[in-house]
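Got your viewer open? Load the model, switch to a cartoon view, and let's take a walk through it together.

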Amino acid sequence: RAHHSIRDYLNCLSLLGKMSGYDTPLFDFHYNSYDDDDDDEWWIHHNITFFRPDLSEEGKYVQWCLDHDFFQIREGYWSGDWYYETHPEEKILHQERLNRTDEIRELVENCKRRLHEKRNCPIRKAHEEMQDAALFNRLQDDLARMRGVSREAIDKEVRSGQIMSPISGPIQIQPPIPKRNQVAMANSKGVANKISDSKEANSMIKEDESSDEDDLGRKLAQDDRFWDGSWRADGFMGMFVRFDSEDYLEDQMAMFFEEQEDSSSPLQIEDAFLDILSGGDVETEVVRLHQGKLIPGKLHLASGVSHRIIMGICPPKVRIVKLDTEDMEMLLKNKALGNQSFSKGKFEEAMEHYEEALLSIVDNLFVAPTDQIKQVVNVLSNQAECHLRLNQDTEAGDAATSALLLDEGHDKSRIRRAKAELSIGGTAYLCQAEVDLEHVIEMQSSETSVENATSLLRRVKSKLKYEKKIFEQENTNKDWGWDLVMRSYKCRCW
């Protein structure tokens with residue numbers, strides 16, 4: 001839109017008006033109808049005071065506090081549960097403050113909805129296009145008058161994409177383009193693209209030949225085995241893509257025998273592999289695995305493997321992997337450094353340490369010691385939290401999913417993925433957030449997890465209620481109702 005491309009130019013005109021002796025700056029006099037919607041978004045522009053755990057003050061905004069499940073203490077002041085450690089006498093006001101915070105959250109959602117409807121109103125858009133064109137035309141007239149040149153000279157500069165400001169020099173600018181010209185421009189670009197495509201055909205063929213492996217990876221990724229709802233579920237470093245390949249077991253067996261030749265204390269094959277029985281009752285098989293080998297050996301079976309046992313597509317043997325002492329020391333050292341950086345609010349630095357921690361991890365942790373899997377899951381989950389703090393919702397969801405493929409019962413990863421899904425929005429992600437949070441509540445692993453999940457679930461259900469309303473207004477297929485939509489999304493979540 002022209003508004004944003006000419007903001008600097010408007011400021012130049014305002015300054016030039018003052019220099020030319022105008023009592024009222026030109027910007028205020030001619031262009032006071034210039035308007036942005038930014039002021040309507042008070043929840044991301046209205047600064048509040050936030051009390052950190054050490055009760056130091058930090059400037060934040062309302063949306064950030066809502067996203068992180070903090071509550072309003074009083075008007076303009078927010079904090080977390082730690083606030084009551086130094087103000088125990090105010091604990092009796094906690095429920096009242098939570099209710100007020102929910103009211104603010106509902107108010108924000110209503111404001112967002114109204115703003116969305118306002119910005120997407122056809123009449124408003126048509127008015128803005130007319131306003132843009134009129135404003136830009138007036139700008140050119142004023143600039144021609146101020147510089148003492150003809151309007152044709154200004155028009156020529158506009159067509160070149162650069163206007164010469166008397167104050168700041170050349171300004172790159174793109175004027176509003178009528179819709180019919182946009183269509184013509186798109187058509188001309190389409191012709192140019194076709195010519196370019198024909199010239200590059202030979203090189204593209206070569207690139208296609210060299211990208212066969214990438215095509216195979218994309219093909220595998222479209223398989224339901226590699227998706228958990230809306231999230232890519234190929235695991236840490238794509239481990240499950242290799243696990244499901246036809247060559248997995250053959251490669252692992254060959255690697256095992258090669259290692260035994262160089263080992264001073266060789267293992268028996270039954271000690272190096274977990275035998276998976278097929279054709280029987282799935283529940284009985286899972287119980288047999290846990291009671292027969294996993295629990296006595298203090299081993300953990302990755303949740304992604306359990307899922308494949310249920311689907312009946314798991315290899316007959318799965319390699320048991322144990323990280324050596326040096327790798328574990330490296331992991332724990334970098335994890336501790338990451339935690340220190342995180343506690344100081346240095347989230348990008350923390351991410352680097354967590355990445356370093358994972359460098360020492362092999363990509364075939366399908367069956368491994370429980371304590372080792374736990375540490376890897378914690379690092380992946382911490383990565384997810386860092387991404388959330390950096391407003392990187394997609395990356396947060398991916399990291400949390402990798403953690404859940406190792407341990408689907410990890411509450412923090414479920415909750416962190418749900419936060420990412422809530423932030424991304426849309427029916428598919430909100431539906432999966434509902435599944436994740438209900439799983440945490442059902443498992444009852446800890447009181448804190450259940451409280452956090454319950455709080456988030458209220459927000460998810462509120463947004464899903466709005467999604468349902470929009471769907472029912474726009475849906476014309478009576479055979480495809482909301483309940484069917486929800487079931488179609490939830491059947492892919494596990």
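How many helices and strands are there in the chain? Count along the cartoon if you like: you should arrive at 25 helices and 12 strands. Keep in mind as you look around that this is a predicted model.

**The whole chain**

Select everything and turn on the surface. The chain has 494 residues, and 40% of them count as buried. Its accessible surface comes to about 28600 Å², with 50% of that belonging to carbon and sulfur atoms. Now think about who touches whom: if you take contacts between residues at least 6 apart in sequence, 60% of them join residues at least 24 apart.

**Stop 1: Thr101**

Hide the surface again and select residues 94-119. That's helix 7, and Thr101 is part of it. Is Thr101 buried or exposed? It's buried: its relative accessible area is 3%, and anything under 20% counts as buried. To see some of what surrounds Thr101, show the side chains of Leu66, Phe70, Phe71, Gln72 and Trp78, which Thr101 touches once you leave out residues up to four places away in sequence.

**Stop 2: Asp69**

Next, select Asp69. You'll find this residue in the loop between helix 5 (62-67) and strand 3 (71-74). What is there to notice about its backbone? Asp69 has a positive phi of about 60°, even though it isn't a glycine. Asp69 counts as partly exposed because its relative accessibility is 23%, which lies between the 20% and 50% cut-offs.

**Stop 3: Asn391**

Jump along the chain to Asn391, in the loop between helix 20 (370-389) and helix 21 (393-406). Here is another residue other than glycine with a positive phi, and the value for Asn391 is near 60°. Why does Asn391 count as exposed? Its relative accessible area is 53%, and exposed means over 50%.

**Stop 4: a charged patch**

Bring the surface back and color it by charge. Which residues gather in a patch of negative charge? Select Glu348, Glu349, Glu352, Glu355 and Glu356 and you'll have the patch on the surface in view. Zoom in on Glu356, which sits in helix 19 (residues 347-359). With a relative accessible area of 40%, Glu356 is partly exposed.

**Last look**

Before you close the viewer, flip between two of your selections: Thr101, which is buried, and Asn391, which is exposed.

Note on methods:
Residues are numbered from 1 along each chain as its sequence is written. This is a predicted model: local features need pLDDT of at least 70, side-chain atom pairs count only at pLDDT 80 or more; totals for chains, interfaces and linings use all residues. Side-chain values use heavy atoms; hydrogens and water are left out. Helices (H or I, at least four residues) and strands (E, at least two) are DSSP runs, numbered from the N terminus. Buried means under 20% relative accessible area, exposed over 50%, partly exposed in between (1.4 Å probe, protein chains only). Contact means heavy atoms within 4.5 Å. Patches are made of residues with over 30% relative accessible area and no salt bridge: like charges are joined within 9 Å, nonpolar side chains (Val, Leu, Ile, Met, Phe, Trp, Tyr) within 5 Å. Accessible areas come from the Shrake-Rupley method with a 1.4 Å probe; for residues, only the protein chains shown count as cover. A salt bridge is a side-chain nitrogen of Lys or Arg within 4 Å of a carboxyl oxygen of Asp or Glu. Lys and Arg count as positive and Asp and Glu as negative; His and the chain ends are not counted. The place of a charge is taken as NZ of Lys, CZ of Arg, CG of Asp or CD of Glu.
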